[in-house]
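Me: Can you walk me through how the helices pack here, and then a few odd backbone spots? Keep it casual.

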Amino acid sequence: MTGIEELLLSRIRDVADYPEPGVMFKDITPLLADPAAFTALTDALAAIAASTGATKVVGLEARGFILGAPVAVRAGLGFIPVRKAGKLPGATLSQAYDLEYGSAEIEVHAEDLSADDRILIVDDVLATGGTAEASIELIRRAGAEVAGLAVLMELGFLSGRARLEPALRGAPLEALLVV
């Protein structure tokens with residue numbers, strides 16, 4: 001385990017039975033409250049942005065906003081939020097996707113993306129991959145290229161990586177931690 005992995009893991013709190021019994025929630029708020037850990041995380045994700053040749057960062061609602069915006073600033077890139085349906089004003093492009101019990105929809109302002117853009121998608125956790133997969137499709141439908149996906153933490157036992165690798169079409173999936 002590297003020094004940054006140890007630092008990040010030491011600042012993530014396990015919360016048992018949240019949001020429902022049997023779930024072990026990974027709370028990143030202690031990491032965000034620690035300036036050294038948050039800076040290390042931002043630097044590591046900004047390095048991934050640079051290595052992928054990204055021109056913009058997309059953050060997925062909601063914790064992807066918290067991580068993606070400082071990454072974009074650190075990397076000198078623009079930031080684009082991908083929101084839950086109905087949260088963005090004006091014309092949007094939307095993508096529906098299935099959840100374990102039902103479905104959801106995400107949106108983006110398509111005019112914020114162009115064919116010249118290479119997008120790094122940033123989020124806190126890769127679980128089953130449903131939201132990330134929908135964001136990949138949304139970005140491509142807006143005409144931009146997906147440069148990669150970067151997450152703080154991958155929950156390996158949920159097999160999100162296996163679901164996303166075909167959708168990524170060779171673009172990298174980088175997880176700073178795999179639990």
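Reply: Quick bit of vocabulary to begin with: a crossing is right-handed if the near helix is turned clockwise from the far one by less than a right angle, and left-handed if anticlockwise. This is a predicted model, where local features need pLDDT of at least 70, side-chain atom pairs count only at pLDDT 80 or more, and totals for chains, interfaces and linings use all residues. Residues are numbered from 1 along each chain as its sequence is written, and side-chain values use heavy atoms, with hydrogens and water left out.

Me: Which hand is the crossing of H3 and H4?

Reply: Right-handed. The axes of H3 and helix H4 (residues 63-75) come within 8 Å and cross at roughly 65°. Axes here are lines fitted to C-alpha atoms, for helices over the stretch in contact, with angles from 0 to 180 degrees between N-to-C directions. Helices are DSSP runs (H or I, at least four residues), as are strands (E, at least two), numbered from the N terminus.

Me: What about H1 and H3, at what angle do they pack?

Reply: About 130°, with the axes of H1 (residues 3-10) and H3 (residues 35-52) 10 Å apart. H1 and H3 are therefore oblique to each other; angles under 35 degrees count as roughly parallel, over 145 as roughly antiparallel, 65 to 115 as roughly perpendicular and the rest as oblique. H1 passes H3 in a left-handed crossing.

Me: And which residues in H1 meet H3?

Reply: Ile4, Leu7 and Leu8, which meet Ala36, Ala37, Ala40, Leu41 and Ala44 in H3 (contact means heavy atoms within 4.5 Å).

Me: Switching topic: is Asp34 buried or exposed?

Reply: Buried, at a relative accessible area of 15% (buried is under 20%, exposed over 50%, partly exposed in between, with a 1.4 Å probe and protein chains only). Asp34 sits in the loop between helix H2 (29-33) and H3, and its side chain reaches the backbone nitrogen of Ala36 at 2.9 Å.

Me: Now the odd backbone spots. Where is there a cis peptide bond?

Reply: One joins Tyr18 and Pro19, with omega about 5°. Pro19 is in the loop between strand S1 (13-16) and strand S2 (24-27). The bond from Glu61 to Ala62 is also cis, with omega near 0°. For background, most peptide bonds are trans, and most residues other than glycine have a negative phi.

Me: Which residue other than glycine has a positive phi?

Reply: Asp17 is one of them, with phi near 60°. Asp17 is in the loop between S1 and S2 and counts as partly exposed at 49% relative accessibility.

Definitions and conventions: A polar contact is a pair of N or O atoms within 3.5 Å; within protein, one must be able to donate a hydrogen and the other to accept it, and residues adjacent in sequence count only if both atoms are side-chain atoms.
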